[in-house]
Amino acid sequence: MAIKFFVAKILRDELSLRGIWSLTAEESKEIAARIFERITDLELELAARDFNTSSRVYKAP
C-alpha cells in the first residue's frame, strides 16, 4: 500500500532528523503498518463510544 510506504518514509526522515539512524526500511514499514492498525482500532473504539452515547440519548416518541 502506497500510503504505508509514505508513512514509513516520513518516519525514517523524522527519526534521522533526531539522530536515530538504526531503523531499517523494513522496520519502518512494519511500524507504519502497526500505526495504521492502531488508528483503525482507535476509530472503531470511538465509533462504538459514539454509537453507545447516541443510543442512550435517544428517546422514543
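This note goes through a predicted model point by point, from the chain as a whole to particular residues.

1. Overall make-up. The chain contains two helices and zero strands, and the two elements are helix α1, which covers residues 2-17, and helix α2, which covers residues 25-57. Of the 61 residues in the chain, buried ones make up 10%. The chain exposes about 5300 Å², and carbon and sulfur atoms supply 63% of that area.

2. Serine 28 and its surroundings. A reader new to the model may start with serine 28, which has its place in helix α2. Its relative accessibility is 0%, and serine 28 therefore counts as buried, the limit for that class being under 20%. Once neighbours within four places in sequence are left aside, the residues in contact with serine 28 are Ala8, Leu11, Arg12 and Leu23. Among these, Ala8 belongs to helix α1. Serine 28 also lies 8.5 Å from valine 7, C-alpha to C-alpha, although 21 residues separate the two in sequence.

3. The side chain of serine 28. Which backbone atom does the side chain of serine 28 reach? The partner is the backbone oxygen of alanine 25, and the distance is 2.7 Å.

4. Alanine 8, seen from the other helix. Alanine 8 sits in helix α1 and, with a relative accessible area of 0%, is buried. When residues up to four places away in sequence are not counted, alanine 8 touches Ser28, Lys29 and Ala32, so that the contact with serine 28 appears again from this side. The C-alpha atoms of alanine 8 and isoleucine 31 are separated by 7.4 Å, while the two residues are 23 residues apart along the chain.

5. A nonpolar patch on the surface. Isoleucine 31, which has just been named, also has its place in helix α2, but in contrast to the buried alanine 8 it counts as partly exposed, at 35% relative accessibility. Together with Ile35 and Ile39, Ile31 forms a nonpolar patch on the surface, and the accessible area of these residues taken together is about 220 Å².

6. A salt bridge in helix α1. Side chains of opposite charge can pair when their charged atoms come close. The count for this model comes to four salt bridges, one of which joins the side chains of aspartate 13 and lysine 9, with 2.9 Å from N to O. Both residues lie in helix α1 and are four residues apart, about one turn of the helix. Aspartate 13 is partly exposed, with a relative accessible area of 31%, and lysine 9, at 35% relative accessibility, also counts as partly exposed.

7. Salt bridges in helix α2. Where in the model do arginine 34 and glutamate 37 lie, and how far apart are they in sequence? They are three residues apart in helix α2, which means that about one helical turn separates them, and their side chains meet in a salt bridge at 3.1 Å, N to O. Arginine 34 is partly exposed, with a relative accessible area of 43%, and glutamate 37 counts as partly exposed at 42% relative accessibility. A further salt bridge is formed by the side chains of glutamate 45 and arginine 49, for which the distance from N to O is 2.5 Å. These two residues are four residues apart in helix α2, and the separation is again about one helical turn. Glutamate 45 has a relative accessibility of 39% and counts as partly exposed.

8. The aromatic pair. How many aromatic pairs does a search of the whole structure find? The search finds one, made up of the rings of phenylalanine 5 and phenylalanine 6, whose centres are 5.8 Å apart and whose planes stand at 65°, so the pair is edge-to-face. The angle matters to this label because planes over 60 degrees apart count as edge-to-face. Buried or exposed, how do the two residues of the pair rank? Phenylalanine 5, at 42% relative accessibility, counts as partly exposed, whereas phenylalanine 6, at 52%, counts as exposed, the limit for that class being over 50%.

Methods. Residues numbered from 1 in each chain as written. Predicted model: local features only at pLDDT ≥ 70, side-chain atom pairs only at ≥ 80, totals over all residues. Heavy atoms only, no water. Buried < 20%, exposed > 50% of the residue type's maximum accessible area, 1.4 Å probe, protein only. Contact = heavy atoms within 4.5 Å. Polar contact = N/O pair within 3.5 Å; in protein donor to acceptor, adjacent residues only side chain to side chain. Phe/Tyr/Trp six-rings, centres within 6.5 Å; stacked < 30°, edge-to-face > 60°. Areas by Shrake-Rupley, 256 points an atom, 1.4 Å probe, with all protein chains shown as cover. Patch = residues over 30% accessible without salt bridge, like charges linked within 9 Å, V, L, I, M, F, W, Y side chains within 5 Å.
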